[in-house]
Amino acid sequence: MAQKMADEDGILEIARKTVSEGPICDHCLGRQFANLSTGMSNDERGRAVRIMLSMQRNEALALDHGKDCWVCNGLFTELDVWAERAVQELESVDFDTFLVGTMITGLLAENEEVLWTLSGTTFAELLKSELNREVGKRICSITKKEVEFKRPDVVVIMDIEREQVRLDINSLFIYGRYRKLERGIPQTRWPCRECRGKGCEKCNYTGKQYSESVEELIRSSVLDFFKGEDMILHGAGREDIDARMLGSGRPFVMEIISPLIRHADLVEVVSRINEDNKGRVEVLDARYADKEVVRHIKSTESDKVYNISATFKSKVNKEKLKSTLRALSGIIIRQQTPTRVMHRRADLQRNRKIHEAALISFDDITGTQAVIQLRCEGGLYVKEFVNGDMGRTEPSISSLLGIDAAVKELDVIEVSMDLTGERQWQGLEANAGKRDTN
Ligand SMILES: [Zn+2]
Ligand SMILES: [Zn+2]
């Protein structure tokens, strides 16, 4: 409120200096006093200042030469034109919320600063801000869509220099869980180790280490619905390439880049994904979400349940195996970074807790094969927990039994997430297949 205490003479002085430089439009005049009053637009404010000046000088009211304004070069007479340009671009895009931004020319920015210096105003609003707001209001009334400052679906960018409008379409986020029913598929695209994605003989010039990934399989089914440029898969952790992901699936987010469509029936989308990838990849529980969910699932380390198919170098006593597994409940496993990932990870010690381990099945004939179910903290290297990694993981199944053990096959059965943090966004689109179009 202190700013509003500007004294009358001071305001008149600024007004006089502002109009003395050359023809100026009501918008540009009023904008110099924007922080002094609320509840009116800059052009209304400018008109009021102009009236005040004419009364003071006891002369006829000078006309508002909008087109000749030396500050904006007549930009504010073209608000409708800019709004029309924007609406035309927006016609091809499905959106609920938008925001307007301006790329101003150097000349306009310079004019504005010259005026501030000349008039001595400290109450001015930026030309850009007024332009964004005024064009935004017009787009609003034509399209009936809402302005959203934090996470608009689309950002309308007015390029003043080129007299063009372009759109930045923000990503669309869909939360779900995936099941990977086949071994040998990585979660995301994996560039060829040889050429790092450029394409070489080794990768058959695909640039890829694996020809398929969960990401690409889902992507090709999904992009059709949303007419996006790309889809990125954000997973809550990842399983090994040769492990399946079963049970209730792994939480993940599909980020659709630059979607032209934001409202599709997710029930249909999911059934298309599952139809296209039968027996390989399945998606469940899809719902619209926002960017916040990506951060949430990336930063939450969740408990995991594994089914481990293990082999032993020599015969194991079934009862001993049972009691060994039982005794693991609540035990902390100390793991030095596994040898197999040493080339891309720092050599650290991790401590992960085993919640529960149990024997699911045992091959009584050979005595060298078993299926073990393990519930543990996320981040445990399961293969090393079984084979001991030459003493780098302690204790391990191998060290406890005194018999070399190895993982033959691995399935992730459950990735449990703490859902309390998800409430905020779940509330928005709770368990709905369709997104409300209103
Ligand atoms: Zn102007
Ligand atoms: Zn290659």
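Here's a quick walk through one sheet, the helices on it, and one pair of helices elsewhere in the chain numbering.

Before we start, keep in mind that this is a predicted model.

Okay, the sheet. It's an open one with four strands, and if you read across, the order goes β2-β1-β3-β4, with mixed pairing. So which strands stand at the edges? Those are β2, residues 146-147, and β4, residues 164-169. Each of them has a single partner strand, so one side of each has no neighbour in the sheet.

Let's look at how β2 is attached. Strand β1, residues 97-103, runs parallel to β2, and two bridges join them. If you want to find one on screen, go to T97: its bridge partner in β2 is E146.

Now for what packs on the sheet. Helix α6, residues 127-143, touches β1, β2 and β3, and its direction makes about 145 degrees with that of β1. Then there's helix α4, residues 79-90, which lies across β3 (154-159) and β4. Relative to β4, α4 runs at about 45 degrees.

Last stop, further along the numbering: helix α7, residues 214-226, and helix α8, residues 266-276. Their axes come within 9 Å and cross at roughly 145 degrees, and the crossing is right-handed. Which residues meet there? From α7 you've got I218, S221, V222 and F225, and from α8 it's V269, R272, I273 and D276. Sort the residues of that contact by type and you get five nonpolar, one polar and two charged.

That's the tour, thanks.

Conventions: Residues are numbered from 1 along each chain as its sequence is written. Chains are lettered from A and ligands numbered from 1 in the order in which they are written. This is a predicted model: local features need pLDDT of at least 70, side-chain atom pairs count only at pLDDT 80 or more; totals for chains, interfaces and linings use all residues. Axes are lines fitted to C-alpha atoms, for helices over the stretch in contact, and angles run from 0 to 180 degrees between N-to-C directions. A crossing is left-handed if the near helix is turned anticlockwise from the far one by less than a right angle, and right-handed if clockwise. Two residues are in contact if their C-beta atoms, placed from the backbone, lie within 7 Å. Ala, Val, Leu, Ile, Met, Phe, Trp, Tyr, Cys and Pro count as nonpolar, Asp, Glu, Lys and Arg as charged, and the others, Gly among them, as polar. Two strands pair if DSSP finds at least two bridges between them.
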